[in-house]
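This report reads one structural model from a single loop residue outward to the rest of the chain. Please keep the sequence and the coordinates open while reading.

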Amino acid sequence: MNKVTVCRKAHFNAAHRLYRKDWSDVKNEAVFDKCSNPYYHGHNYELIVSVAGQIDSETGYVMDMKVLKDLIKTHVEDAFDHKNLNEQVPEFATLIPTAENMAVVIWDKLRPHITAAHDLSVTLYETPRNFVRFSGPN
Ligand code: NI
């Protein structure tokens, strides 16, 4: 059988601050450096959502890309774009919005809407050179 991966790119801008309330300012700055700036900072996030599965013999698709596009828009872009992640996105009320944690949150948001037989992988670029990938718990 031919397992094929289809990928959709998306984009959002968001602000965040990496810090722990239970740490002093000195410790936060020592660990998170500029990313703990109390006045926040922004990133141009690039997201790649990958869905892997068999090609449907009737449609020739693994998944309708319009459906995938709309899922990303509804569950990720509308939730994160132009938001302060720490202050405005409930998932990060108590979870540090690192790219790692964001990738897991995005995966968790999308997984229920992807056919169970399909594999889901999320790649999130925080900068053009720094990116993380999450393909589910193991
Ligand atoms: Ni940052």
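## A tyrosine in a loop

Tyr19 is placed in the loop between strand 1 and helix 1, the latter spanning residues 25–32. The model is a predicted one, and in it Tyr19 has a relative accessibility of 18%, so this residue counts as buried, the cut-off for that class being under 20%. Leaving out residues up to four places away in sequence, Tyr19 touches Asn28, Phe32, Ser36, Asn86 and Ile96.

Tyr19 also comes within 9.8 Å of Leu95, C-alpha to C-alpha, although 76 residues separate Tyr19 and Leu95 in sequence. The face of the Tyr19 ring is covered by a charged side chain, since Arg17 lies over it at 3.8 Å from the ring centre. A second arrangement of this kind involves Lys27, which lies over the face of Trp23 at 4.4 Å from the ring centre.

## The nickel site and Glu126

Which residues coordinate the nickel ion? The donors are the NE2 atoms of His16, His41 and His43, at 2.0 to 2.1 Å, and the spacing of these donor residues in sequence is H-x24-H-x1-H. His41 and His43 are both buried. His16 belongs to strand 1, which covers residues 3–16, while strand 2 covers residues 41–54.

Glu126 is found in the loop that joins strand 4 (119–125) to strand 5 (131–134). With a relative accessible area of 15%, Glu126 is buried. Setting aside neighbours within four places in sequence, the contacts of Glu126 are His16, His43, Asn44, Tyr45 and Ala99, and two of the nickel donors, His16 and His43, are therefore among the residues that Glu126 contacts. Glu126 and Asn44 lie 82 residues apart in sequence, yet their C-alpha atoms are 6.7 Å apart in space.

## Aromatic pairs

How many aromatic pairs does the model contain, when ring centres must lie within 6.5 Å of each other? The count comes to six. In one of them, the rings of Phe12 and Phe80 have centres 5.5 Å apart and planes at 70°, so the pair is classed as edge-to-face, a label that applies to planes over 60 degrees apart. Because Phe12 lies in strand 1 (residues 3–16) and Phe80 in helix 2 (residues 65–80), this pair ties together parts that are 68 residues apart in sequence. Phe12 is buried, with a relative accessible area of 0%, and Phe80 is likewise buried, with a value of 0%.

Another pair is formed by Tyr125 and Phe131, whose ring centres are 4.3 Å apart and whose planes stand at 20°, so that the pair is stacked. Tyr125 is partly exposed, at 22% relative accessible area, and Phe131 is partly exposed as well, at 40%. Ring pairs also link Phe12, Tyr45, Phe80 and Phe92 into a cluster, and Tyr45 from this cluster is one of the residues in contact with Glu126.

## Ser50 and the cysteines

Ser50 is located in strand 2 (residues 41–54), where a relative accessible area of 11% makes this residue buried. Not counting residues up to four places away in sequence, Ser50 touches Thr5, Val6, Cys7, Asp119, Leu120 and Ser121. Thr5, Val6 and Cys7 fall within strand 1 (residues 3–16), whereas Asp119, Leu120 and Ser121 fall within strand 4 (119–125).

Cys7, one of the residues touched by Ser50, is partly exposed, with a relative accessible area of 41%. Cys35 is also partly exposed, at 23%. The number of disulfides found in the model is zero.

## The chain as a whole

The protein chain has four helices and five strands, which run in the order β-α-β-α-β-α-α-β-β from the N terminus on. Its C-alpha atoms fill a box of roughly 60 × 30 × 25 Å, taken along the principal axes.

Of the 138 residues in the protein chain, 41% are buried. The chain exposes about 8400 Å², and carbon and sulfur atoms supply 51% of that area. Among contacts between residues at least 6 apart in sequence, 67% join residues at least 24 apart; the pairing of Phe12 with Phe80, across 68 residues of sequence, gives one example of parts brought together in this way.

Terms used: Residues numbered from 1 in each chain as written. Predicted model: local features only at pLDDT ≥ 70, side-chain atom pairs only at ≥ 80, totals over all residues. Heavy atoms only, no water. Phe/Tyr/Trp six-rings, centres within 6.5 Å; stacked < 30°, edge-to-face > 60°. Helix = DSSP H or I, 4+ residues; strand = E, 2+ residues; numbered from the N terminus. Buried < 20%, exposed > 50% of the residue type's maximum accessible area, 1.4 Å probe, protein only. Lys NZ or Arg CZ within 6 Å of the ring centre and 35° of its normal. Donors = N, O, S within 2.8 Å, 3.2 Å for Na, K, Ca; no water. Contact = heavy atoms within 4.5 Å. Areas by Shrake-Rupley, 256 points an atom, 1.4 Å probe, with all protein chains shown as cover. Disulfide = S-S within 2.5 Å.
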